[in-house]
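Let's take a walk through a protein model together. Have a look at the picture first, and then we'll go through some of its parts one by one.

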Amino acid sequence: MAEYSALSLLKNAFSGNRDWKPAWRKPDPKPSYDVIIVGGGGHGLSTAYYLAKEHGITNVAVLEKGWLGSGNVGRNTTAVRSNYLLPQNIRFYEHSMKMWENLSHDLNYNVMFSQRGVLNIAHTPAQLDDFARRGNAMRHLGADAHLMTPAEMARRVPGLDVSKSARFPIYGGLMQERAGTARHDAVAWGYARGADRRGVDLLENCEVQGFIKDGDRVVGVNTSRGEIRAKKVAVAVAGSTGHVMRMAGVERMPIESHTLQAFVSESLKPFLDTVVTFGMGHFYMSQSDKGGLVYGGDIEGYNSYAQRGNLPIVEEVMSEMLALFPSLAPVRVLRSWGGVCDMSMDGSPIITTGPLPGMYLNCGWCYGGFKATPASGWCFAHTIAKDQPHHFNAPFTLDRFHRGAVIDDKGQGATPRLH
Ligand SMILES: Cc1cc2nc3c(=O)[nH]c(=O)nc-3n(C[C@H](O)[C@H](O)[C@H](O)COP(=O)(O)OP(=O)(O)OC[C@H]3O[C@@H](n4cnc5c(N)ncnc54)[C@H](O)[C@@H]3O)c2cc1C
């Protein structure tokens, strides 16, 4: 199996890079497993890794309809942060942040986690007050946060229009220095290799097309590669959650599927060493290691399973970018793409046992599930292994929507695009 030491890089360079070993096996499906995980995205792969590593459960298969990492884990804009207001979210995402800080060592795979900071820009005095409140909540629970003045922001972010005549004048910002970015593909590949190495079967081109039940209990799945039985069936399919859960007979989920687009510009010399978010709309930007500016924005205003978006969002994202950085007007956009996001009705995730016996569910990641990848897998593995949640994910139940105990960090109500 592939190792990426300096010695192996040198050896393979001399043999024309023809002798690299695959990073994981390509096994055939077994008739049954202890645990099946549907969905080979970041969350499915990290769940398999922690099931094996933390709980010694290795008779596990990850079933992916395409190739590993073909979903949102390989399509996101890679921002990692824990800058939330509500304690349930701060605790969970701060746990994830601590796991990110050691992830490359844990996986022995460089996920290129770069703690370059995430800066939220405030455009009104009231918004700055709101950010100060959120920063205080974060610090109270052990996360880092500090406010920045426009002058400090101008020094940190070249090109940012902090003038009084700006389209949306800037009053200050909330910075989380430990936040940043990571290489998304490497996260999927690192978890995949780590899980495979511990005996997990990673089954690509294996689409789940139905669930096998014994009464109410889920006891297996029908797939494009045949029937596979399991004691426990876990679902982590992000934007396909509604579709997959319907196959199991769960008709109504508090999830809407929307396309979220991202954009990358031509390469520029490095000038931006942090992630910047706009406060008067939905826009954020960072600079990749290759020099491209990575832009993100709002979800499409309609439900869709298409992995590509539409022109109104392109226009919105570009106009918001120019409101902050007028000098970037000549920079050309090279590519755009889309992923299907699982927008929950309160903006917070679901990591739970059920909703059927024998089943476990992980979804509702909205705009922000990449940063959750380590903690989500870790908590979901705990939930599957112990048949009860860890205290980090105990609040993220499905029945909170029935009970009215929603976790609405932004206080926006059931409006997916505003979370
Ligand atoms: C453009 C964009 C930008 C984003 N930016 C950020 C960001 O900056 N920071 C952040 O934290 N988050 C971000 N996100 C969100 C983040 O990427 C997702 O929340 C997260 O990746 C979802 O979890 P996942 O990785 O498991 O999903 P996915 O990678 O989508 O995994 C789900 C997998 O399930 C598979 N699947 C579906 N149906 C079936 C089936 N029937 N049988 C078998 N397999 C099936 C899919 O093929 C897919 O591979 C962004 C998302 C997008 C689209």
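How many nonpolar, polar and charged residues does the shell around the ligand have? There are 15 nonpolar, 20 polar and five charged residues. For these classes, Ala, Val, Leu, Ile, Met, Phe, Trp, Tyr, Cys and Pro count as nonpolar, Asp, Glu, Lys and Arg as charged, and the others, Gly among them, as polar.

A quick word on what you're looking at. This is a predicted model, where local features need pLDDT of at least 70 and side-chain atom pairs count only at pLDDT 80 or more, while totals for chains, interfaces and linings use all residues. Residues are numbered from 1 along each chain as its sequence is written.

**Around the ligand**

Back to that shell: 40 residues surround the ligand, and the closest are Gly39, Gly41, Gly71, Gly339 and Gly369. (A residue is near the ligand if its C-beta atom, placed from the backbone, lies within 6 Å of it.) Helix H2 (42-55), strand E12 (255-267) and strand E16 (333-344) are the elements that give two or more residues to this shell. Those labels are DSSP runs numbered from the N terminus: helices are H or I with at least four residues, and strands are E with at least two.

**H2 meets H7**

Helix H2 also has a partner, helix H7 (residues 184-197): their axes come within 8 Å and cross at roughly 30 degrees. Here the axes are lines fitted to C-alpha atoms, for helices over the stretch in contact, and angles run from 0 to 180 degrees between N-to-C directions. On the H2 side you'll find Gly42, Leu45, Ser46, Ala48, Tyr49 and Ala52, and they meet Val187, Ala188, Tyr191, Ala192, Gly194 and Ala195 in H7. Being in contact means that two C-beta atoms, placed from the backbone, lie within 7 Å. The contact of H2 with H7 has nine nonpolar, three polar and no charged residues.

**Two helices under cover**

H7 is mostly covered, with 11 of its 14 residues buried. A residue is buried if 20 or more other C-beta atoms lie within 10 Å of its own, exposed if 12 or fewer, and partly exposed in between, with C-beta atoms placed from the backbone. The cover over the buried residues of H7 includes H2, H4, E8 and H10. Just after H7, Gly199 takes a positive phi of about 105 degrees.

Helix H10 (residues 373-386) is mostly covered too: 12 of its 14 residues are buried, including Trp378, Phe380 and His382. What span should H10 have at 1.5 Å a residue? The answer is 20 Å, and its end C-alpha atoms are 20 Å apart, so the two agree. The expected span is 1.5 Å times one less than the number of residues.

**Unusual backbone spots**

Most residues other than glycine have a negative phi, and most peptide bonds are trans. Here are some places that go the other way.

| Place | Value |
|---|---|
| Asn108 | phi near 50 degrees |
| Asn205 | phi of about 50 degrees |
| Asp387 | phi of about 60 degrees |
| Gly354 and Pro355 (cis) | omega of about 10 degrees |

Asn108 sits in the loop between helix H4 (103-107) and strand E4 (118-122). Asn108 counts as partly exposed because it has 13 C-beta neighbours inside 10 Å. Asn205 lies in the loop between strand E8 (201-203) and strand E9 (208-214). As for Pro355, look in the loop between strand E17 (350-353) and strand E18 (359-363).
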